[in-house]
Amino acid sequence: MTKTSWRWTKSLPLASRLFLSHLVVMIVGLISLVIISKVSSPRFFVLHLERLESRGLRLINIRTELVQGFEIAWQRSTLWSVIVGTTAAGGLSYWVSKRIMQRLTEMEQITQKFAAGRLEARLPLSDIPELNRLGASFNRMAASLEGVEARRRELIGDMTHELRTPLTVVRGYLEELADGEIEPSPEIYQRLAKETRRLERLVNDLQELSKAEAGYLPINIQPVNLYPLLESLVEKFTDQLLEDGPVLRTEFPLQLPLVLADIDRTEQVLVNLLGNAVRYTTKGTITIRAWSEASKLWIEVADTGIGIAPKDLPNVFERFWRADQSRDRYSGGTGIGLTISRRLVELQGGQIQVKSEMGIGSKFRFFLPLA
């Protein structure tokens with residue numbers, strides 16, 4: 001094939017190239033059949049006549065006429081076979097090419113819809129195995145991207161809702177100060193500083209959450225002993241408890257097995273869990289437990305606080321979820337601490353769980369793999 005013809009072939013549509021490829025294969029097959037039969041058929045026929053003569057039949061006088069008649073019959077039958085075979089094979093090749101191109105055209109239309117933002121578009125299943133696998137892979141990708149887009153929109157909506165409250169408070173105070181409706185005072189400035197700190201915490205938590213969900217959060221997994229960390233957290237949170245508040249207790253052995261974890265991320269998880277326990281437990285106890293089981297080290301933070309209703313338990317680890325909207329919005333939490341904690345535990349190869357009863361308390365526990 002010359003370079004010009006090769007370029008011309010490459011410029012053809014896929015349907016034409018499929019059709020031509022089928023025709024080339026068919027023509028090569030027919031030529032091979034004609035050549036082989038042309039060479040071998042007369043010889044086999046002559047051998048057959050010789051076997052008949054060996055049985056006593058006298059064909060010597062008419063052998064030439066028989067061979068010529070055979071060749072004429074062979075040529076005519078071969079001509080009709082080529083015509084019928086070429087027509088049938090060409091029609092079949094055209095149908096197969098159109099059938100394949102129809103599926104590919106549907107895929108092109110669906111992908112164009114998908115590129116235009118219609119993420120609900122899906123490729124129809126095909127009875128061609130290869131195209132069916134391609135369509136199934138595309139549909140899985142489309143479902144994943146649709147989920148990502150849904151979470152992105154949900155996150156933007158939640159973030160807008162959460163930012164609106166502190167911004168409204170700050171703007172209200174600033175407008176009143178600017179109009180002279182209220183006098184500047186340390187109390188006003190403290191309120192503004194409080195809302196500003198809340199905005200700062202919310203932005204930092206959102207940044208942390210976006211990195212965790214995207215898989216960009218650095219995790220340094222190594223064998224670590226969590227006993228010093230638990231001891232330091234107990235000391236830190238004991239100093240924060242009021243005299244008439246809950247009592248912080250520990251139930252873990254002096255020797256804990258090593259776990260494969262990121263010590264900083266594990267501390268972040270425990271700080272979130274203990275912070276929630278302190279925030280919602282006004283009396284009773286907050287208990288930190290740790291025990292090993294099979295190839296896991298379990299850590300539990302149990303409290304005797306207000307608890308969580310059974311219907312709300314499935315939503316505990318969702319972004320910006322609050323069991324008590326009016327109370328938690330101004331209690332210092334951003335509403336995504338547990339979401340970040342779950343993702344951090346999962347990135348370390350563990351899993352976090354929760355059990356709770358209204359008026360009795362909650363138990364948050366997670367495991368990390370042993371080293």
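Ala 294 counts as exposed, because its relative accessibility is 77%, and this residue of the predicted model is placed in the loop between β4 (285-293) and β5. Although Ala 294 is not a glycine, its phi is positive, at about 60 degrees. Most residues other than glycine have a negative phi.

Ser 341 offers a contrasting environment. Ser 341 lies in helix α9 (residues 337-347), and it counts as buried because its relative accessibility is 0%. When neighbours within four places in sequence are left aside, Ser 341 is in contact with Val 269 and Asn 272.

The next topic is the aromatic rings. The count of aromatic pairs in the protein comes to four. One of them joins Tyr 227 and Phe 252, whose rings meet edge-to-face, with 5.7 Å from centre to centre and 80 degrees between the planes. Tyr 227 belongs to helix α6 (residues 227-238) and Phe 252 to the loop between β2 (247-251) and β3 (259-261), so this pair ties together parts that are 25 residues apart in sequence. Tyr 227 and Phe 252 are both buried. The pair of Phe 317 and Phe 364 is also edge-to-face, because the ring centres lie 6.2 Å apart and the planes stand at 90 degrees. This second pair links distant parts of the chain, 47 residues apart, with Phe 317 in the loop between β5 (296-303) and α8 (325-328) and Phe 364 in strand β7 (residues 361-369). Both phenylalanines, Phe 317 and Phe 364, are buried.

Ring pairs also link Trp 291, Trp 298 and Phe 367 into a cluster. Two rings of this cluster have a charged side-chain end sitting over them, as the table sets out.

| Charged residue | Ring beneath the charged end | Distance to ring centre |
|---|---|---|
| Lys 296 | Phe 367 | 4.4 Å |
| Arg 365 | Trp 298 | 4.4 Å |

Strands β6 and β7 run antiparallel and are joined by seven bridges. Among the residues matched across these strands, Lys 355 has Lys 363 in β7 as its bridge partner. The hairpin of β6 and β7 has three residues between the strands, and within this hairpin Gly 359 takes a positive phi near 80 degrees. How are the residues of strand β6 (residues 351-357) divided between a covered face and an uncovered one? The covered face carries Ile 352, Val 354 and Ser 356, whereas Gln 351, Gln 353, Lys 355 and Glu 357 make up the uncovered face. In a regular strand the side chains alternate between the two faces of the sheet.

For the protein as a whole, the model contains nine helices and seven strands. Of its 371 residues, 32% are buried, and the accessible surface comes to about 22900 Å², of which 58% belongs to carbon and sulfur atoms. Among contacts between residues at least 6 apart in sequence, 70% join residues at least 24 apart.

Confidence should be kept in view when these details are read. The average pLDDT of the protein is 78, and 78% of the residues score at least 70. Over residues 325-332, however, pLDDT stays under 50, and for this stretch the model has 17 contacts beyond four places in sequence.

Methods
Residues are numbered from 1 along each chain as its sequence is written. Side-chain values use heavy atoms; hydrogens and water are left out. pLDDT is the predictor's confidence in each residue, from 0 to 100. Contact means heavy atoms within 4.5 Å. Rings of Phe, Tyr and Trp (its six-membered ring) pair if their centres lie within 6.5 Å; planes under 30 degrees apart count as stacked, over 60 as edge-to-face and the rest as tilted. Helices (H or I, at least four residues) and strands (E, at least two) are DSSP runs, numbered from the N terminus. Buried means under 20% relative accessible area, exposed over 50%, partly exposed in between (1.4 Å probe, protein chains only). A charge sits over a ring if NZ of Lys or CZ of Arg is within 6 Å of the ring centre and within 35 degrees of the ring normal. Two strands pair if DSSP finds at least two bridges between them. Accessible areas come from the Shrake-Rupley method with a 1.4 Å probe; for residues, only the protein chains shown count as cover.
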